[in-house]
Amino acid sequence: MFLIWLAAVCNIPIGRKDEHRCLNTIRNVPVLIIAGEEDSQFPVHVVRKMADVIEGGTFRALQHTAHLAARENPEDVDA
């Protein structure tokens with residue numbers, strides 16, 4: 001499964017072109033969108049809203065996880 005770490009997509013430095021509108025062009029690719037329930041930078045409701053525009057995407061919110069899901073909770077990310 002292709003993993004898009006939406007937090008990375010959201011973390012756009014100043015002066016960099018916003019590419020969020022391109023998320024709805026992702027098609028025919030399995031996409032897993034992961035959000036950490038304790039992420040104060042990109043709250044679950046923000047990540048879920050982005051995930052909703054990806055056709056066929058799967059969204060998961062991880063408990064006891066903040067911004068660095070793969071590092072903080074690797075077992076649940078791998079699952």
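Two strands are taken to pair if DSSP finds at least two bridges between them, a criterion that comes into play at once for strands E2 and E3, which are joined by five bridges and run parallel. Within this pairing, Ile-33 is found opposite Phe-59 of E3. The model described here is a predicted one.

A look at the whole chain sets the scene. The protein contains four helices and three strands, and read from the N terminus these elements follow the order β-α-β-α-β-α-α. Of the 79 residues in the protein, 33% are buried. The accessible surface amounts to about 5,500 Å², and carbon and sulfur atoms account for 52% of that surface. Contacts reach well along the sequence: among those between residues at least 6 apart, 67% connect residues at least 24 apart.

Strand E2 offers a good starting point for the interior. Six of the six residues in E2 are buried, so the strand counts as mostly covered, buried here meaning a relative accessible area under 20%. The cover extends to both faces of E2. On one side sit Val-31, Ile-33 and Ala-35, on the other Leu-32, Ile-34 and Gly-36, and all of these are buried. Ile-33, then, is both a buried residue of E2 and the partner standing opposite Phe-59 in E3.

Helix H2 tells a more two-sided story. What sets its buried residues apart from its exposed ones? The buried residues of H2 include Val-44, Val-47, Met-50 and Ala-51. These residues lie on the same side of H2, because the arc they cover around the axis is only 130°. His-45 and Lys-49, by contrast, are exposed on the other side of H2. A general feature of helices is helpful to recall at this point: an α-helix has 3.6 residues a turn, so residues three or four places apart point the same way. Val-47 deserves a second look, as this residue of helix H2 has a relative accessible area of 3% and is therefore buried. Its C-alpha atom is 9.8 Å from that of Arg-60, a residue 13 positions away along the chain.

The loops supply several of the side-chain interactions. Side chains of opposite charge can pair when their charged atoms come close. The structure has one salt bridge. Its partners are Glu-55 and Arg-27, whose closest N and O atoms are 3.3 Å apart. This pair connects distant parts of the chain, 28 residues apart: Glu-55 belongs to the loop between helix H2 (44–51) and strand E3 (58–62), and Arg-27 to the loop between helix H1 (6–10) and strand E2 (31–36). The two partners fall into separate accessibility classes: Glu-55 counts as exposed because its relative accessibility is 53%, whereas Arg-27, at 45%, counts as partly exposed.

The loop between E3 and H3 is also worth a visit, and His-67 is one of its residues. The side chain of His-67 takes part in two polar contacts, one of 2.9 Å with the side chain of Asp-39 and another of 3.1 Å with the side chain of Gln-41.

Further along, Asn-73 occupies the loop between helix H3 (69–72) and helix H4 (74–78). Is this loop residue buried or exposed? Asn-73 is buried, since its relative accessibility is 9%. With neighbours within four places in sequence left aside, the contacts of Asn-73 are with Leu-62, Gln-63 and Thr-65. The side chains of Asn-73 and Thr-65 are joined by a polar contact of 2.8 Å, and a polar atom of the Asn-73 side chain lies 3.5 Å from the backbone oxygen of Gln-63.

Backbone geometry rounds off the picture. Most residues other than glycine have a negative phi. Asn-28 is not a glycine, yet has a positive phi of about 60°. Asn-28 is located in the loop between H1 and E2 and, with 81% relative accessibility, counts as exposed. His-64 likewise has a positive phi, near 55°, while being a residue other than glycine. This histidine, His-64, lies in the loop between E3 and H3 and is exposed, its relative accessible area being 65%.

Technical notes
Residues numbered from 1 in each chain as written. Predicted model: local features only at pLDDT ≥ 70, side-chain atom pairs only at ≥ 80, totals over all residues. Heavy atoms only, no water. Salt bridge = Lys/Arg side-chain N within 4 Å of Asp/Glu carboxyl O. Buried < 20%, exposed > 50% of the residue type's maximum accessible area, 1.4 Å probe, protein only. Arc of directions from axis to C-beta. Contact = heavy atoms within 4.5 Å. Areas by Shrake-Rupley, 256 points an atom, 1.4 Å probe, with all protein chains shown as cover. Polar contact = N/O pair within 3.5 Å; in protein donor to acceptor, adjacent residues only side chain to side chain.
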